[in-house]
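The exercises below are meant to be worked with the sequence and the structure side by side. Try each task before reading the solution that follows it.

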Amino acid sequence: MEGVSRCLSFLLMLVYVSSLQAEPWDVRRVTTVALPNAYRLHADVLSGGLPEDELGFIELKKLGVKTIISVDGANPNVEMARRHGLRYVHLPHGYDGIETDHALRLAKAIRELPKPIYIHCHHGKHRSPAAAIVASVGAGLLPSEQNLQLGFLQTAGTSEHYIGLYSAAKLARPFPVRQLTLLQVEFKELVEVPPLAKAMVEIDETNRRLSLTREAGWRTSPESPDVEPAHEALILKEHFRELLRAEKEKQSPEFLKILENSADASAELESQLRESPSDLLSIQASWLSIQRDCRACHRDYRDRPLR
């Protein structure tokens, strides 16, 4: 009896796999009013920006979408999605790439959640296109074709400076069916990760890498050849901006002002490193401005004793 059960399970798996055969790449722009930068990669997978208001959810419903996957750090509007009969799943990741464990979760979501599926970040230009590629190829819906994978990022407007996202798209490959089938994942509407704590760790790590380039004269250090100064400044800027969005309703105006100043200084540092890398005085001034804001923030918020 056990042998018959195993045989039936195997046959059912074969039927399921055959229903998810890879289809040719056929990227199409989706014309909408309230969904920024929306594209359809596959009949069952769309990528775009945040549905900020009710019109966005209405348009998703008209497109036939049944599941929304947010890869953005900010909390998704779960209640509004429910009102329109849509399921939200929160699978956030950063601008610096998509780790294998997270890629597996994205691919499993694409295989098993109700379709069509809309994957979004904030603007729909950087994280969601990369996630859509990793998920669709990983789940076997689209074939692994490197030129087309990178081409979609360019079509979606993903900045070439996001090296980690381009690397994730470039390396996307289908995962073994058995691995995805056996993977245990609880798909949550909202991932309760304290954004402040997580962001501070990421900011510290990016700051550390940026310091390595500073010590090498704002160039790639021989000891860390994969750390590129302008790219690290870009990642630092996005960390501050993401944190600003996530904390805007929770923190004091003074705290938010520090974050805004740090984001602006990081953007200026990135611009200087790309456009005038020999202007070391201006680069150093932007760097020192970021460090002063970090010290002030730590002094007034992080390092205050518990009461």
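**Exercise 1.** In this predicted model, find which element gives the largest share of the lining of the largest cavity.

*Solution.* Begin with the search of the whole structure, which finds 1 cavity of 30 Å³ or more, and note that the volume of the largest cavity is about 80 Å³. Next, list the residues that line the largest cavity, namely M200, I203, D204, F240, I258, L259, S262, D293, C294, C297 and H298. Assigning these to elements shows that α9 (195-215), α11 and α12 (280-302) each give two or more residues to this lining, and that α12, with 4 residues, has the largest share. As a last step, sort the lining by class, which yields 7 nonpolar, 2 polar and 2 charged residues.

**Exercise 2.** Compare the end-to-end distance of helix α11 with the span that should be expected from its 23 residues, and then list its buried residues.

*Solution.* Helix α11 covers residues 253-275, and at 1.5 Å a residue it should span 33 Å. The expected span is 1.5 Å times one less than the number of residues, and because the end C-alpha atoms of α11 are 33 Å apart, the two values agree. For the second part, the buried residues of α11 are F255, L256, I258, L259, S262, A263, A265, S266, L269, E270, Q272 and L273; among the residues lining the largest cavity are I258, L259 and S262.

**Exercise 3.** Work out which way the side chains of strand β4 point and which strands pair with β4.

*Solution.* In a regular strand the side chains alternate between the two faces of the sheet. In β4 (residues 67-70), T67 and I69 point one way while I68 and S70 point the other way, and all are buried. Turning to the neighbours, β4 pairs with β5 (residues 87-90) in the parallel sense over 4 bridges, where R87 is the bridge partner of T67. Strand β6 (residues 117-120) also runs parallel to β4 and is joined to it by 4 bridges, with H120 as the bridge partner of S70. Finally, follow the chain from β4 through helix α3 (residues 78-83) to β5, which together make a right-handed β-α-β unit.

**Exercise 4.** Describe the largest pocket by its volume and its lining.

*Solution.* The largest pocket holds about 950 Å³ of space and is lined by 42 residues, with D72, G73, A74, N75 and H90 nearest its centre. Helix α10 provides the largest share of this lining, 6 residues, and by class the lining comprises 16 nonpolar, 11 polar and 15 charged residues.

Note on methods
Residues are numbered from 1 along each chain as its sequence is written. This is a predicted model: local features need pLDDT of at least 70, side-chain atom pairs count only at pLDDT 80 or more; totals for chains, interfaces and linings use all residues. Side-chain values use heavy atoms; hydrogens and water are left out. Buried means under 20% relative accessible area, exposed over 50%, partly exposed in between (1.4 Å probe, protein chains only). On a 1 Å grid over the protein atoms alone, a cavity is a set of points where a 1.4 Å probe fits but cannot get out, and a pocket is an open set with protein on both sides within 12 Å along at least five of seven lines; lining residues have an atom within 4 Å of a point. Grid points are joined across faces, edges and corners, and a volume is the space filled by probe spheres set on the points. Ala, Val, Leu, Ile, Met, Phe, Trp, Tyr, Cys and Pro count as nonpolar, Asp, Glu, Lys and Arg as charged, and the others, Gly among them, as polar. Two strands pair if DSSP finds at least two bridges between them. A crossover is right-handed if, with the strands pointing away from the viewer, the path from the first strand over the helix to the second runs clockwise.
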